[in-house]
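Thanks for coming. I will take the two chains in turn, then the places where parts touch.

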Amino acid sequence: MRRAFLILVPYTWLLALFLVPFVIVLKISLSDAAIARPPYLPQFDWAEGIWAFLAQLDFENFVWLTQDDLYWKAYLSSLKIAITSTFFTLLVGYPIAYGMASAPPMWRPTLMMFVILPFWTSFLIRVYAWMGILSNEGLLNQFLLWSGFITEPLVILNTNLAVYIGIVYTYLPFMILPIYSALERMDGSLIEAAEDLGCSRTTAFWLVTLPLSRPGVIAGCFLVFIPALGEFVIPSLLGGSDTLMIGKVLWEEFFSNRDWPVASAVAVVLLLLLVIPIVLFQRNQQKQQEADT
Amino acid sequence: MNRMSWFNTVSLTLGFAFLYIPMVILIVYSFNESKLVTVWGGFSPKWYGELLKNEAFLTAAWVTFKVAVASSTLATVLGTMAAYVLVRGGRFFGRTLFSGMIYAPLVMPEVITGLSLLLLFIGIGLDRGVLTIVLAHTTFSMCFVSVVVSSRLVTFDRSLEEAALDLGCTGSEAFRLVTLPIIAPAVISGWLLAFTLSLDDLVIASFTSGPAATTLPIKIFSAVRLGVSPEINALSTIMIAIVAVGVSIASLVTKYQMTRQMKEEQEAERN
């Protein structure tokens, strides 16, 4: 009896507030936009029966997504931005994780805390902090002009470059932590063995350390790539009007154009796009767990 | 691995500089006298005064706080239940769907979660306001809580619970007297995580809030869209300070608990 209660309460909550909303999104993505309240047709009507209702649904919105090149350009550009910034996050994050894992054990918890601390700080504030740095009169340009590297201020804010910087900055902890935990578990004697057998330090890194840290690298890349793909805050604050990202398109479709069916269709396609990396990520984690036990 | 080469020192220094310099700049410029955020006009705390006079921000902060307390508490209860069911529940009908629904919100883009919840609320005719934001935040943060709590439940020795039951505890007594104290640190960190997630959320709150309830991130976002302002810097500084104090207290408490636990274990070994 009590077990049933324990299962039913969270189960019902998630069904009602997670699964049912998705069914609604799917349904509205198959409906037509209309000047009504709420602004789509058909409305469900018990009197007409469920088949009459289903017969009115169609894939028109999805056809529309393939015809208007705004949408597929936005999907492609989100993919490009997410992949590029994941790569740069890896380039920045790996040396930090490596440095942390090589630090004396006494320092490691403190270093860990300093990596996690920004995660507890508001995401919005961390993105906002870059607006003042990257703008034309911003501190970065002031510094570069003062030091004589440039004579004209660089335009960085409101370009894709600023979006890359924003993503690398805000998602860096997600990259560092899994790589660090992979490196920390590594047996140091393996490197010594490689060096004894005649490897140089660099070769030992490429042949021993890097392959052993691969699960951490893969986990970190997914943890950055998946949220970056649907990102909304960073492109809308740091990106320009030509920065196309699907999260921003969905937002504008919904709030500015008030086209709910198209916004829902965009959401459905974004979800389909995410299924592949999410499944791959799950498989990687499972393999990792099996290897551990 | 235990080698500190110049390369490691440099990468750590640069890495932490990259992580922290933007926030330091933000804090420094919140004490700027000048209205122009990029020009230093001398030290002044005047923007904090302006902030305290700004009714709209104060109201929004209060709404955000209420939402965060309510949703994180609800999420902790539901998430702990869900974790218990997942780890101890055994097999039941629809278990795969249940665990799927626990993990999916963790990777779901916020725009999709927000949109779907909004469509639900409109579908059932629920007026958007504090209640709808609480419902939305509870839903995604209970999943984070359940992940944190279940990782603790997995590692703990089940025979302790069984011993309590053998010694005459009822099921709920065993949970209250044995299980709960052991998983308490995970439950507390789950609550803290849910609280911060709720404080921080812009996208889902924007979809699910109505004109009657505006949260602080929504307010900040609409102000920031127009450009950088020293008042927002002051507000950010206050929020960073709260987080820093909270995290330091939390880490001190865990450190104290760990040393106490180690002492107890040592004593137990000696006896």
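The radius of gyration I quote is taken over C-alpha atoms, and the rule for a globule is 2.2 Å times the number of residues to the power 0.38. What we have here is a predicted model, in which local features need pLDDT of at least 70 and side-chain atom pairs count only at pLDDT 80 or more, while totals for chains, interfaces and linings use all residues. Residues are numbered from 1 along each chain as its sequence is written, with chains lettered from A and ligands numbered from 1 in the order in which they are written.

Let me start with chain B. Its radius of gyration is 23 Å, where a compact globule of 271 residues would have one near 18 Å. Along the principal axes, the C-alpha trace of chain B spans about 70 × 60 × 35 Å.

Helices and strands are DSSP runs numbered from the N terminus: H or I over at least four residues for a helix, E over at least two for a strand. On that basis chain B has eleven helices and zero strands.

Helix α3 of chain B covers residues 55-88, which is 34 residues. The expected span of a helix is 1.5 Å times one less than its number of residues. For α3 of chain B that gives 50 Å, and the distance from first to last C-alpha is 49 Å, close to the expectation. Just after α3(B) comes B:G90, with a positive phi of about 70°.

Now a record. An unreviewed UniProt entry annotates "transmembrane region" over residues 12-31, 60-86, 98-124, 130-154, 174-194 and 232-253 of chain B. UniProt positions are given in the numbering used here, feature names are shortened, and annotations may be inferred rather than shown by experiment. Take two of those spans. Residues 60-86 of chain B are 100% helix and 0% strand, with end C-alpha atoms 37 Å apart. Residues 98-124 of chain B are 89% helix and 0% strand, and there the end C-alpha atoms lie 23 Å apart.

How much of chain B is buried? A residue is buried if 20 or more other C-beta atoms lie within 10 Å of its own, exposed if 12 or fewer, and partly exposed in between, with C-beta atoms placed from the backbone. Buried residues are 39% of the 271 in chain B.

On to chain A. This chain has 14 helices and two strands. Its radius of gyration is 24 Å, against a value near 19 Å for a compact globule of 293 residues. The C-alpha trace of chain A spans about 80 × 65 × 35 Å along its principal axes, and 42% of the 293 residues are buried.

Two residues are in contact if their C-beta atoms, placed from the backbone, lie within 7 Å. Of the contacts in chain A with a separation of 6 or more, 72% are between residues 24 or more positions apart.

Chain A is divided into domain 1 (1-67) and domain 2 (68-292), with bounds that come from an automatic or database domain assignment. The C-alpha centres of the two domains of chain A lie 34 Å apart. Their contact takes 16 residues from domain 1 of chain A and 14 residues from domain 2 of chain A. On the domain 1 side, α3(A) gives the most, with six residues.

A few single residues next. A:N141 sits in helix α7 (residues 139-147) of chain A. Why does A:N141 count as buried? Because A:N141 has 21 C-beta neighbours inside 10 Å. Beyond its neighbours within four places in sequence, A:N141 is in contact with A:N136, A:P153 and A:L154.

Most residues other than glycine have a negative phi. A:N158, in the loop between α7 and α8 (160-184) of chain A, has a positive phi of about 65°. A:R258 also has a positive phi, near 50°, and is found in the loop between α13 (246-255) and α14 (260-292) of chain A. A:R258 is partly exposed because 13 C-beta neighbours lie inside 10 Å.

Last, where the chains meet. Here 67 residues of chain A are in contact with 58 residues of chain B. Helix α1 (residues 2-29) of chain A supplies the largest share of the chain A side, 18 residues. By class, that side has 53 nonpolar, eleven polar and three charged residues. Nonpolar here means Ala, Val, Leu, Ile, Met, Phe, Trp, Tyr, Cys and Pro; charged means Asp, Glu, Lys and Arg; the others, Gly among them, count as polar.
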